[in-house]
Amino acid sequence: MADQKSSKETRFEYYRHGKYMAERILSVCNDVLSGGCESAACRKEDISVRWMRRFVRKDIGVDSENRRREKPEITDSSWYCWEDAFLTDLIGEECYVPEGFDEVFEECLARACTMGEQKVLRLRYQEEKTLEEIGRELNIHRYQVYQFREKALRRLRAPKYRLLLVYGPEYRETLAELQSAQAEYDRAKLARMEECRREREKAIAECREEAAKLRRQTESIGGAGLEELSELDLLPVEELELSIRTYKCLKNPCIAGKDGKSVSQDPIRTIGQLSRMTRKELSKIRNLGRRSLKEIEDVLEKTYGIVLQD
């Protein structure tokens, strides 16, 4: 009993799906019979154009064998409307005809083509006339008609026209949204750049104030001024004519670490470096005893008038 119920529900599900598909197919047929574009109607119902053509063309055997209807001969060209033919010639491959194509077609023709080219394209595609028929109507040679058509198609292959013809008015709306987003991004970027510029100017002003403050503090300090200290920084310690022992201690200074091991320090190369050190710092240098420290103090005070701080 349960199996019969399950089978019945499955059959009903198949029929519901078949009804849904039939409604979609009927909608496409009604649109095409009312003069609409086949590809646009198929895209509206999300049905493949090739599948729809095979379905309409194929005899699925609804009629009995002795009452089969006579069907007209259908060729590949029977499926195409003028919009399909135009887009195929424009981009070199088949594609869906977008909604609102007629409006976009007229707009692009008016903006890109001359009056003669517009007339040739309308006769060739909308009225589906051959080059010879167009030539007789316009009283020109068929090769001139061909040239008019190729020039017009070449103009319409420009991206701003081709993309609009292929994607329809939706492309214009999307492009407008993109341009709006780009403009908003540019405004935000400019605002951020302006904010960064103000922050940079503020930082520069603070640095200048700090530099001025340091200059005022330096002027109030006694002893050697900035210019004098900068000159001492250019003089090597060799100018002091110290003893060899003292000179080596300054060139390769080592101090005792916490574990008792010697730790190398940067060499003292100039008199300016030496004058900024205190007695305590100098006394930490290995092998620099009281006699060497006294020698350094005497030379600095006698030669440059510099007294080491404690």
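## Loop residues with positive phi

Glu128 lies in the loop between α6 and α7, the latter being residues 131–138. In this predicted model, the phi of Glu128 is near 55 degrees, which is a positive value in a residue other than glycine. Is Glu128 buried or exposed? Glu128 is exposed, and its relative accessible area is 53%.

Asn139 is found in the loop between α7 and α8. Its phi, near 60 degrees, is likewise a positive value in a residue that is not glycine. Asn139 has a relative accessible area of 70% and is exposed, since the cut-off for exposed is over 50%. A positive phi also appears after α9, where Gly168 follows the helix with a phi near 80 degrees.

## The chain as a whole

The chain has 310 residues, of which 25% count as buried. It contains 15 helices and 2 strands. If contacts are taken between residues at least 6 apart in sequence, 57% of them join residues at least 24 apart.

## The largest nonpolar core

In soluble globular proteins, nonpolar side chains tend to be buried together. The largest nonpolar core in this model has 23 residues. Within this core, the residues with the most contacts are Phe86, Phe101, Leu156 and Leu165. Five helices are named as suppliers of at least two residues each: α4 (82–91), α5 (101–112), α6 (115–126), α8 (142–156) and α9 (159–167). Which helix gives the most to this core? That helix is α5, with 6 residues.

Phe86 can be followed through its contacts. Leaving aside residues up to four places away in sequence, Phe86 touches Phe101, Phe105, Tyr125, Leu153, Leu156 and Leu165. In α9, the buried residues are Tyr161, Leu164, Leu165 and Val166. Leu165 is thus buried in α9, and Leu165 is also one of the residues touched by Phe86.

## A second core

A second core of 19 residues is separate from the one described above. Among its members are Leu242, Leu288, Ile296 and Ile306.

## The two sides of α12

Helix α12 spans residues 244–251, and its buried residues are Thr246, Cys249 and Leu250. Why do these residues lie on the same side of α12? They cover an arc of only 95 degrees around the axis, and this puts them on the same side of the helix. The face turned away from the buried side of α12 carries the exposed residues Ile244 and Lys248.

What do the buried residues of α12 pack against? Their partners are α13 (271–275), α14 (279–283) and α15 (290–304).

## How α12 meets α15

Two packed helices are described by the angle between their axes and the distance between the axes. For α12 and α15, the angle is about 90 degrees and the axes are 10 Å apart. That angle makes α12 roughly perpendicular to α15, because angles of 65 to 115 degrees count as roughly perpendicular.

On the α12 side of this contact are Arg245, Thr246 and Leu250, and these meet Ser292, Glu295 and Ile296 in α15. How many residues of the contact of α12 with α15 are nonpolar, polar and charged? There are 2 nonpolar, 2 polar and 2 charged residues in this contact. Thr246 and Leu250 are among the buried residues of α12, and Ile296 in α15 is one of the residues of the second core.

How values were computed
Residues numbered from 1 in each chain as written. Heavy atoms only, no water. Buried < 20%, exposed > 50% of the residue type's maximum accessible area, 1.4 Å probe, protein only. Helix = DSSP H or I, 4+ residues; strand = E, 2+ residues; numbered from the N terminus. Arc of directions from axis to C-beta. Contact = heavy atoms within 4.5 Å. Core = buried A, V, L, I, M, F, W, Y, C linked by side-chain atoms within 4.5 Å. Axes fitted to C-alpha atoms, helices over the stretch in contact; angles between N-to-C directions. Parallel < 35°, antiparallel > 145°, perpendicular 65-115°, else oblique. Nonpolar A, V, L, I, M, F, W, Y, C, P; charged D, E, K, R; others polar.
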